[in-house]
Amino acid sequence: MATNRSGAAQRPNGAPQTKVCQFKLVLLGESAVGKSSLVLRFVKGQFHEYQESTIGAAFLTQTVCLDDITVKFEIWDTAGQERYHSLAPMYYRGAQAAIVVYDITNQDTFGRAKNWVKELQRQASPSIVIALAGNKSDLAAKRMVEFEEAQAYADENGLLFMETSAKTAMNVNDIFLAIANKLPKSESGGGGGGGGAGAGARRLNDGDAPRASSCCK
Ligand SMILES: Nc1nc2c(ncn2[C@@H]2O[C@H](COP(=O)(O)OP(=O)(O)OP(=O)(O)O)[C@@H](O)[C@H]2O)c(=O)[nH]1
Ligand SMILES: [Mg+2]
């Protein structure tokens, strides 16, 4: 397989081969903040007023295309109910990215989100990319968490931050895209993927099965 000047693999007809990088992403946050709704919006473009509470966790995938690579997210949507808390490490272990979600109409969920951030900072991969999502931004009339307060907290902790609405789709694709852009796509970004402890991307060539520890270049 030939490579072009930028080092990207080329097919025999000269067309550049798209790099596909695979990342494990986990959603965490209090029950009913809208984690499943954000994933449903991102993956299927849908919203359900009566979304059922998640049991255990749900797994979905979605790809986003950046300029020169395709990022495939393996998404673990965890259950926010307290009785499932002890399962969470199974899902954030080896994750390269996390979205910690709170509901802008509920101050308690913001406090819970901060606890999830602390837990990730202590126990997840040191290079994990964490995004904070203040969901239900369509309910601004009932707002209890100020944008500026959350932005300041995110800045102090090096988090991406957006207010989102799974209902109107505001900033939903954008937050995943911002994460995709921030994730390291080189070997120096960390090793391993999937269930491993590292934080690098797994690169897939077209038609390849996932390879456990090779990274995007
Ligand atoms: N208005 C509004 N409602 C939302 C939004 N996102 C989710 N909801 C509603 O909030 C409720 C809870 O949403 P879920 O997506 O099930 O919340 P969850 O965080 O996955 O909850 P668990 O699975 O129990 O952890 C549902 O009734 C949704 O329709 C939003 O952006 N705006
Ligand atoms: Mg859910």
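The legends below describe close-up views of a predicted model, covering its salt bridges and the surroundings of ligand 1.

**View 1. The salt bridge between Lys167 and Glu49.** A search of the whole structure finds three salt bridges, and in this one the closest N and O atoms of Lys167 and Glu49 are 3.0 Å apart. Lys167 lies in the loop between β8 (160-163) and α5 (172-182), whereas Glu49 belongs to the loop between α1 (35-44) and β4 (57-65), so the pair ties together parts that are 118 residues apart in sequence. Lys167 is partly exposed, with a relative accessible area of 41%, while Glu49, at 52% relative accessibility, counts as exposed because the threshold for that class is over 50%.

**View 2. The salt bridge between Lys136 and Asp103.** Here the closest N and O atoms of the two side chains are 3.6 Å apart. The pair links distant parts of the chain, with Lys136 in the loop between β7 (129-135) and α4 (147-156) and Asp103 in strand β6 (residues 97-103), 33 residues apart. Lys136 is partly exposed at a relative accessible area of 22%, whereas Asp103 is buried, with a value of 7%.

**View 3. The salt bridge between Glu163 and Arg143.** In this pair the closest N and O atoms are 2.8 Å apart, and the contact links distant parts of the chain, since Glu163 is in strand β8 and Arg143 is in the loop between β7 and α4, 20 residues apart. Glu163 counts as buried at 7% relative accessibility, while Arg143 is partly exposed, with a relative accessible area of 23%.

**View 4. The residues that surround ligand 1.** The shell around ligand 1 consists of 24 residues, of which the closest are Ser31, Lys35, Ser37, Ser53 and Gly80. Helix α1 gives the most to this shell, with three residues. The space taken by ligand 1 is the largest pocket.

**View 5. Polar contacts of ligand 1 with Ser36, Glu49 and Ser165.** An oxygen atom of ligand 1 is 2.9 Å from an N or O atom in the side chain of Ser36, and an oxygen atom of the ligand is 3.4 Å from an N or O atom in the side chain of Ser165. At Glu49 the partner is a polar backbone atom, 2.7 Å from an oxygen atom of ligand 1. Taken alone, ligand 1 exposes 660 Å², and the protein buries 91% of that area. Glu49 therefore appears in two of these views, since its residue also forms the salt bridge with Lys167.

Methods
Residues are numbered from 1 along each chain as its sequence is written. Chains are lettered from A and ligands numbered from 1 in the order in which they are written. This is a predicted model: local features need pLDDT of at least 70, side-chain atom pairs count only at pLDDT 80 or more; totals for chains, interfaces and linings use all residues. Side-chain values use heavy atoms; hydrogens and water are left out. A salt bridge is a side-chain nitrogen of Lys or Arg within 4 Å of a carboxyl oxygen of Asp or Glu. Helices (H or I, at least four residues) and strands (E, at least two) are DSSP runs, numbered from the N terminus. Buried means under 20% relative accessible area, exposed over 50%, partly exposed in between (1.4 Å probe, protein chains only). A residue is near a molecule or strand if one of its heavy atoms lies within 4 Å of it. A polar contact is a pair of N or O atoms within 3.5 Å; within protein, one must be able to donate a hydrogen and the other to accept it, and residues adjacent in sequence count only if both atoms are side-chain atoms. Accessible areas come from the Shrake-Rupley method with a 1.4 Å probe; for residues, only the protein chains shown count as cover. On a 1 Å grid over the protein atoms alone, a cavity is a set of points where a 1.4 Å probe fits but cannot get out, and a pocket is an open set with protein on both sides within 12 Å along at least five of seven lines; lining residues have an atom within 4 Å of a point. A molecule sits in a cavity or pocket if more than half of its atoms lie within 2 Å of its grid points.
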